[in-house]
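Please consider the following structure together with its sequence. The explanation begins with a single residue and then widens to the core, the ligand and the overall form.

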Amino acid sequence: MPLWTLRGLRRGIVTTRYPARPDPSSALLPTPPAFRPEVLTPGLADRLVAVCPSRALARDGDLLVFDVGACTACGRCQAEAPHAAGDSGEFELAATVREHLVKRIPLGGRSA
Ligand code: SF4
């Protein structure tokens with residue numbers, strides 16, 4: 001057994017208690033955006049799609065399709081439209097079905 005393991009067992013040092021308790025550092029993690037449907041217009045959705053480098057966003061008619069599994073939480077969409085996209089704070093994103101990571105967000109804003 002490596003010495004660092006013995007030292008850790010002797011001192012009882014742990015680096016995290018997750019998932020039994022949330023790790024304090026989770027508040028500092030970048031998380032995927034949360035979009036506000038009421039301010040999303042087709043034009044704004046197209047701008048968000050254009051700035052997304054990982055193709056996590058697409059427009060399908062009156063829907064903004066958000067593939068959370070492809071999102072890298074880069075923040076570009078939030079920088080483009082801070083009134084329409086905020087931090088979700090969600091970092092536990094595991095799913096057993098791929099489709100559960102795809103959100104369909106209705107465009108509810110009025111076009112100018
Ligand atoms: S945070 Fe970045 S990767 Fe995620 S949807 Fe916005 S632009 Fe795309």
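Beyond its neighbours within four places in sequence, alanine 56 is in contact with Phe66, Asp67, Ala70 and Cys71. The model under discussion is a predicted one. Alanine 56 belongs to the loop that joins helix H2 (42-51) to strand E2 (57-60). Is this loop residue buried or exposed? Alanine 56 counts as buried because 23 C-beta neighbours lie inside 10 Å, and the threshold for that class is 20 or more. Glycine 69 stands 13 residues away from alanine 56 along the chain, yet the C-alpha atoms of the two are separated by 7.7 Å.

Attention now turns to the nonpolar interior. The largest nonpolar core holds 15 residues, and the members that touch the most others are Phe35, Leu40, Ala45, Leu48, Leu57 and Leu64. Two elements, H2 and strand E3 (63-67), each give two or more residues to this core. Helix H2 provides the largest share, with three residues. Alanine 45, one of the core members just named, shows how separate parts of the sequence meet: apart from residues up to four places away, alanine 45 touches Leu40, Arg59, Leu64 and Leu107.

The ligand offers a second point of reference. Which residues lie closest to it? Of the 14 residues that surround the ligand, the closest are Cys52, Cys71, Cys74, Arg76 and Cys77. Cys71 thus appears in this shell and also among the contacts of alanine 56. By class, the shell comprises ten nonpolar residues, three polar residues and one charged residue.

These local features can be placed within the whole chain. The protein contains three helices and five strands, arranged from the N terminus in the order α-β-α-β-β-α-β-β. Contacts across long stretches of sequence prevail: of those with a separation of 6 or more, 75% join residues 24 or more positions apart.

The overall dimensions complete the description. Along its principal axes, the C-alpha trace spans about 65 × 30 × 25 Å. The radius of gyration of the protein is 19 Å, whereas a compact globule of 112 residues would have a value near 13 Å. Of the 112 residues, 16% count as buried, and alanine 56, with its 23 C-beta neighbours inside 10 Å, falls in that class.

Note on methods: Residues are numbered from 1 along each chain as its sequence is written. This is a predicted model: local features need pLDDT of at least 70, side-chain atom pairs count only at pLDDT 80 or more; totals for chains, interfaces and linings use all residues. A residue is near a molecule or strand if its C-beta atom, placed from the backbone, lies within 6 Å of it. Ala, Val, Leu, Ile, Met, Phe, Trp, Tyr, Cys and Pro count as nonpolar, Asp, Glu, Lys and Arg as charged, and the others, Gly among them, as polar. Helices (H or I, at least four residues) and strands (E, at least two) are DSSP runs, numbered from the N terminus. The radius of gyration is taken over C-alpha atoms; the globule rule is 2.2 Å times the number of residues to the power 0.38. A residue is buried if 20 or more other C-beta atoms lie within 10 Å of its own, exposed if 12 or fewer, and partly exposed in between; C-beta atoms are placed from the backbone. Two residues are in contact if their C-beta atoms, placed from the backbone, lie within 7 Å. A nonpolar core is a set of buried Ala, Val, Leu, Ile, Met, Phe, Trp, Tyr and Cys residues joined through C-beta atoms within 7 Å.
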